[in-house]
Amino acid sequence: MADFIKNPVVALPDRDPAPHFSEEELIFTAEEKVRIARWVAQYPTPDGAVMWTLWLAQEKFGFLPPEVLRLVAAELGIPYAQVYGVATFYTQYFKEKKGRYVLDVCTCFSCQFTGGYDVLHYLEKKLGVHAGETTPDGCFTIQEVECLGACGSAPMLQVSNGPYVYCLTPAKIDALLDALKAGRMPGFTSVTLPQDEDEMGGNRRTDADASISYSTMPIAEQTR
Amino acid sequence: MAAKAGNWQSYKRVLLPPVRDLHRLSVYGDYGALRKALARYSPKEVTEIVKASGLKGRGGAGFPTGLKWSFMPPVDPDVPRFLCCNGDESEPGTYKDRQLMEFNPHQIFEGILISNYAISAKACYLYIRGEFADWITLMEEELDKAYAANFVGENIMGSGFSADIILHKGAGAYICGEETSLMESLEGKRAYPRIKPPFPAQSGIWGYPTTINNADTLACVPPIIAHGAEWFAAIGAPDHPGPLLYGISGHVNRPGVYEYPSGMLITDLLEVAHGMRADKKLKAVVPGGASVPVLRADMIDGVTMDANSLRAAGSMLGTAGLLFLDEDTDMVSFLRRVTRFYHHESCGQCTPCRDGTGWMENLVTRIDEGQGNTRDLDLLLDLCDQMEGRTVCALADAAAWPVRNTIKRFRADFEAKCRKAIWATETKAA
Ligand SMILES: Cc1cc2nc3c(=O)[nH]c(=O)nc-3n(C[C@H](O)[C@H](O)[C@H](O)COP(=O)(O)O)c2cc1C
Ligand code: SF4
Ligand code: FES
């Protein structure tokens with residue numbers, strides 16, 4: 001065999017890493033199987049239910065290592081390679097273990113120019129880790145994400161693929177981190193439509209001029 | 001100046017009506033439009049009405065909706081047909097569909113059902129991006145209510161017509177908004193866009209005839225059926241009629257999604273949003289999401305939000321998500337973030353797009369960090385030529401347009417950030 005095949009220049013990812021979950025843990029309960037069956041019934045072929053099932057698996061296991069992907073493949077009766085392909089295509093499926101709370105900070109252009117990078121850098125400084133990393137106590141992972149579709153309430157972030165937190169200021173971020181540390185997830189916030197604001201009162205940010213930041217350079221590594 | 005939007009100050013909202021108590025069953029007359037369509041019109045007539053209304057797609061491409069429906073092949077009882085509702089909304093600067101889901105979900109459902117009837121489809125997949133987890137939960141709850149009231153499901157309101165709505169949760173990929181990519185995603189594959197033709201109407205999800213429309217487009221259908229095609233066609237700009245959801249963001253005092261007739265003057269919209277914040281001067285406007293060319297402040301006089309006017313001004317309507325930027329904005333920094341977005345979101349199928357978007361990001365980053373040369377700008381423009389129209393889907397074009405136009409329209413900003421020495425002199429000195 002050619003030398004470079006035995007000793008590749010680039011380190012290949014471990015195809016068969018040591019499993020994180022034991023055989024006993026790797027099961028879907030009867031109740032979960034009913035949910036999966038309901039999704040499968042909604043599509044002409046079982047493949048269609050793979051995204052829903054991966055969501056369920058991620059909720060249950062926290063992230064999606066190969067053994068969980070195998071479990072999903074076996075449950076749906078489709079090839080492992082297909083499940084692996086889907087799981088690696090989408091950014092919201094976690095392929096490695098993340099913190100208890102994942103803070104997805106939007107830094108796309110509307111947020112960028114209203115202080116998205118300020119929020120990100122503030123979090124990086126406060127938690128002492130860079131975007132993409134997890135705090136040593138395993139509590140928070142910070143990530144930089146693309147537009148989350150809430151540009152009118154910028155800058156904003158999403159907590160663990162769940163609730164949105166709008167119109168961030170340093171004080172608001174501090175309060176959010178404290179609440180999360182105490183195990184309190186933020187609830188669903190509805191931002192008043194701008195055209196209803198005069199009548200109904202708004203809950204949009206009023207301190208817009210407080211952000212000075214829109215010339216911040218778009219690099220998460222800036223604080224390195 | 002003749003504003004095409006007419007008397008917009010007294011305009012009454014139909015997509016996002018003033019809602020005091022959120023999420024009540026049907027804001028829009030208890031599915032009255034669906035009832036009317038089922039009782040009074042044949043599927044063909046519904047299509048004709050929508051055609052006559054002049055409704056154009058709100059997803060970005062602006063394709064006439066009625067015409068799209070009429071591309072569906074004749075009904076064959078053995079071949080299932082589908083409708084897809086595109087709620088993937090990931091275009092930066094766009095957030096109108098999310099507001100519809102939040103404030104008026106039943107109008108989306110009603111629009112879906114009427115469209116299902118028009119194209120004789122028995123099921124609609126409503127694809128919502130995974131980030132909208134809270135809104136998916138909300139839509140699930142509302143859909144259950146609609147099922148319980150027999151507005152959706154078997155034999156809807158005793159009419160003999162049946163249709164299902166199936167929610168599908170995405171998982172964070174901009175490219176899933178592209179129609180064929182969305183179909184691959186639904187089929188449980190990696191979401192690589194398909195080569196067209198065949199078009200979705202011939203071969204869509206699982207190879208069956210499929211029509212795909214944006215959620216906002218479908219939400220426009222119930223008012224058309226309720227009030228008639230003429231009523232709709234008379235709203236706003238004649239070449240792109242109807243109510244439009246303007247998602248305003250950036251350096252304005254009151255950002256948010258505003259509903260007004262199409263064809264509003266951009267300057268009026270700025271006024272509606274209570275002007276620029278801290279009384280700064282306007283520098284640039286992105287009129288329809290990240291993919292459309294940016295306009296300089298001196299280019300927006302008299303420009304209205306409809307396809308023709310914006311094309312004449314050198315931009316596009318896109319998704320009508322406006323981003324206003326003030327005088328302190330660094331356009332190089334802006335472009336750097338935009339190229340980064342496309343680099344991140346390219347699905348990687350086509351070489352010009354996969355590599356091109358990466359090189360664009362590298363080059364703009366280099367300029368932004370003060371290491372670039374003026375000839376990098378020409379290299380960037382050349383790169384745009386190499387990418388446009390040479391790929392499977394339109395993402396590569398969407399990545400090239402902002403680069404080309406931002407450089408063209410703000411060249412001085414870019415040159416100011418480039419290194420002063422040119423290579424020839426450097427070599428001589430060396
Ligand atoms: C790269 C790319 C991304 C797109 N993203 C979206 C999107 O997020 N939402 C959407 O409705 N349409 C999106 N579209 C447009 C769709 O392909 C399609 O034209 C649209 O959903 C059709 O609906 P309409 O006729 O009602 O506009 C995108 C297109 C491209 C090329
Ligand atoms: S143009 Fe880009 S996003 Fe579209 S199919 Fe090709 S590589 Fe994928
Ligand atoms: S740019 Fe941040 S939500 Fe759209």
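Okay, let's start with one residue, B:Lys96, which sits in helix H4 of chain B. Keep in mind that this is a predicted model.

So, is B:Lys96 buried or exposed? It counts as buried, because 27 C-beta neighbours fall inside 10 Å, and the cut-off for buried is 20 or more. If you skip the neighbours within four places in sequence, B:Lys96 is in contact with B:Asp216, B:Leu245, B:Gly247 and B:Val257. One more distance for you: B:Arg254 is 158 residues away from B:Lys96 in sequence, and their C-alpha atoms are 15 Å apart in space.

Next, the interface. On the chain B side 61 residues are in contact with chain A, and on the chain A side the number is 45. Which elements of chain B each supply at least two residues to that side? There are helices H4 (96–103), H6 (133–148) and H13 (331–345), plus strands S3 (164–169), S5 (243–250), S6 (256–261) and S9 (321–326). H13(B) gives the largest share, nine residues. If you care about chemistry, the chain B side splits into 26 nonpolar, 16 polar and 19 charged residues.

Staying with chain A for a moment, have a look at helix H3, residues 50–61. Its twelve residues, at 1.5 Å a residue, should span 16 Å, and the end C-alpha atoms are indeed 16 Å apart, so the two agree. Its buried residues are A:Val50, A:Met51, A:Trp52, A:Thr53, A:Leu54, A:Trp55 and A:Ala57. And what covers them? The cover includes helices H2 (30–41), H4 (66–76) and H5 (80–89) of chain A, together with S3 of chain B. Just after H3(A) comes A:Gly62, with a positive phi of about 90 degrees.

Now a helix in chain B: H1, residues 32–40, where B:Ala33, B:Leu34, B:Ala37 and B:Leu38 are buried. Why do they end up on the same side of H1(B)? They cover an arc of only 130 degrees around the axis, which puts them on the same side. The general background is that an α-helix has 3.6 residues a turn, so residues three or four places apart point the same way. On the other side of H1(B), B:Ala39 and B:Arg40 are exposed. The buried residues of H1(B) pack against three helices of chain B, namely H2 (43–53), H5 (105–118) and H9 (221–227).

Last topic, the ligands. Ligand 1 has 23 residues around it, and the ones that come nearest are B:Gly57, B:Gly59, B:Gly177, B:Asn214 and B:Thr217. Two elements of chain B give two or more residues to this shell, strand S4 (210–214) and helix H16 (395–409), and S4(B) has the largest share with three. By class we get eight nonpolar, nine polar and six charged residues. In terms of domains, the shell draws at least three residues from each of domain 1 (23–229) and domain 3 (331–417) of chain B.

Ligand 2 is surrounded by 14 residues, with B:Cys347, B:Cys350, B:Cys353, B:Thr391 and B:Cys393 the closest. Here the elements giving two or more residues are helix H14 (351–368) and H16 of chain B. The class split for the ligand 2 shell is nine nonpolar, four polar and one charged.

That's it from me, thanks.

Note on methods: Residues are numbered from 1 along each chain as its sequence is written. Chains are lettered from A and ligands numbered from 1 in the order in which they are written. This is a predicted model: local features need pLDDT of at least 70, side-chain atom pairs count only at pLDDT 80 or more; totals for chains, interfaces and linings use all residues. Two residues are in contact if their C-beta atoms, placed from the backbone, lie within 7 Å. Helices (H or I, at least four residues) and strands (E, at least two) are DSSP runs, numbered from the N terminus. Ala, Val, Leu, Ile, Met, Phe, Trp, Tyr, Cys and Pro count as nonpolar, Asp, Glu, Lys and Arg as charged, and the others, Gly among them, as polar. A residue is buried if 20 or more other C-beta atoms lie within 10 Å of its own, exposed if 12 or fewer, and partly exposed in between; C-beta atoms are placed from the backbone. A residue is near a molecule or strand if its C-beta atom, placed from the backbone, lies within 6 Å of it. Domain bounds come from an automatic or database domain assignment. The expected span of a helix is 1.5 Å times one less than its number of residues. The arc is that of the directions from the helix axis to the C-beta atoms.
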